[in-house]
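The following paragraphs walk through one protein model, starting from how its elements are assigned and moving from the overall layout to individual side chains. Please keep the sequence and the coordinates at hand while reading.

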Amino acid sequence: MAVEVVTSLLQQYGQGGPCSDTDTDFVYHNSFLIADPQEAWILETAGKHWAAENVKSGYRNISNALSIGTKIDKMSEGLKELAQEKGWWDGSGDFNFSEAYGASQDAGQERKECGEKLLAKFSEGGEEKERVCQGFTCISKK
């Protein structure tokens, strides 16, 4: 399964390097849509840590913000413990990946909402689809 391949590489090698040739402190984490005719996954990362959600119906998109909340189907070892250690989660209640590891609730929100509107439009009629929506990938699964 592709999710296992990506996460094993992430755990072994991490994510590399700066995202700018002029600002070496500028780094960010990645999100992935992984889909085939049988299943679809959202995989979101934070350093060597990650959370994955199996998309069983409806549609999802990824933007410039973490989107996985409390519905986590797979996660890296130590994900919750690191969040507690850093003070990002107090250990009580449901663990919310995007709240613990995300920069802010506003980051990427407009782009996410735009993608959701496009997916709603393209999903009319109930067909299963995979589309590229204005520069970012969106998946729709019946």
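Helices and strands are taken here as DSSP runs, with at least four residues for a helix (H or I) and at least two for a strand (E), and they are numbered from the N terminus. In that numbering, His-49 belongs to strand 3, and this residue will serve later as a point of entry into the packing. The model is a predicted one, and every value below should be read in that light.

Taken as a whole, the protein contains four helices and seven strands, and from the N terminus on these elements follow the order α-β-β-β-β-β-α-α-α-β-β. Of the 142 residues in the protein, 35% are buried. Among the contacts between residues at least 6 apart in sequence, 51% join residues at least 24 apart.

A suitable place to begin is the open sheet, which has four strands in the order 1-2-3-5 and antiparallel pairing. Strand 1 and strand 5 (74–75) stand at its edges and have a single partner strand each, so one side of each lacks a neighbour in the sheet. Helix 1 packs on this sheet, where it touches strand 1, strand 2, strand 3 and strand 5, and its direction makes about 170° with that of strand 3. Helix 2 (residues 79–86), for its part, lies across strand 3 and strand 5 and runs at about 130° to strand 3.

The pairings can be followed strand by strand. Strands of a sheet pair through backbone hydrogen bonds, in either a parallel or an antiparallel sense. Strand 1 and strand 2 run antiparallel and are joined by five bridges; among the partners in strand 2, Leu-43 is matched with Phe-32 and Ala-40 with Ala-35. These two strands form a hairpin with four residues between them. Strand 2 and strand 3 are also paired in the antiparallel sense, over seven bridges, with Ala-46 standing opposite His-49 of strand 3 and Ile-42 having Glu-53 as its bridge partner in that strand. In the hairpin of strand 2 and strand 3, there are two residues between the strands, and Gly-47 takes a positive phi near 65°.

How many residues of strand 2 are buried? Seven of the seven are, so strand 2 is largely enclosed by the rest of the structure. In a regular strand the side chains alternate between the two faces of the sheet. Both faces of strand 2 are covered, since Ala-40, Ile-42, Glu-44 and Ala-46 are buried on one side, and Trp-41, Leu-43 and Thr-45 are buried on the other.

Helix 1 (residues 2–13) has 12 residues and reaches 16 Å from its first C-alpha to its last, close to the 16 Å expected at 1.5 Å a residue. Its buried residues are Val-3, Thr-7 and Leu-10. They cover an arc of only 60° around the axis, which means that they lie on the same side of helix 1. The elements against which these buried residues pack are strand 1 (31–35), strand 2 (40–46) and strand 3 (49–55). Just after helix 1, Gly-14 takes a positive phi of about 70°.

Returning to His-49, this residue has a relative accessible area of 17%, and it counts as buried because that value falls under 20%. Leaving out residues up to four places away in sequence, His-49 touches Leu-10, Glu-44, Ser-76, Glu-77, Gly-78, Leu-79 and Leu-82. Between the side chains of His-49 and Ser-76 there is a polar contact of 2.9 Å.

The loop between strand 4 (58–61) and strand 5 contains Ser-67, which counts as buried at 19% relative accessibility. The Ser-67 side chain makes a polar contact of 2.7 Å with the side chain of Glu-44, and another polar contact, also listed at 2.7 Å, with the side chain of Arg-60. Apart from its neighbours within four places in sequence, Ser-67 is in contact with Ile-42, Glu-44, Arg-60, Asn-61, Ser-98 and Lys-112. Asn-64 is also placed in the loop between strand 4 and strand 5, but Asn-64 counts as exposed, at 52% relative accessibility. Although Asn-64 and Gln-109 are 45 residues apart in sequence, their C-alpha atoms are 7.8 Å apart in space.

Terms used
Residues numbered from 1 in each chain as written. Predicted model: local features only at pLDDT ≥ 70, side-chain atom pairs only at ≥ 80, totals over all residues. Heavy atoms only, no water. Expected span 1.5 Å × (residues − 1). Buried < 20%, exposed > 50% of the residue type's maximum accessible area, 1.4 Å probe, protein only. Arc of directions from axis to C-beta. Contact = heavy atoms within 4.5 Å. Polar contact = N/O pair within 3.5 Å; in protein donor to acceptor, adjacent residues only side chain to side chain. Pairing = 2+ DSSP bridges. Axes fitted to C-alpha atoms, helices over the stretch in contact; angles between N-to-C directions.
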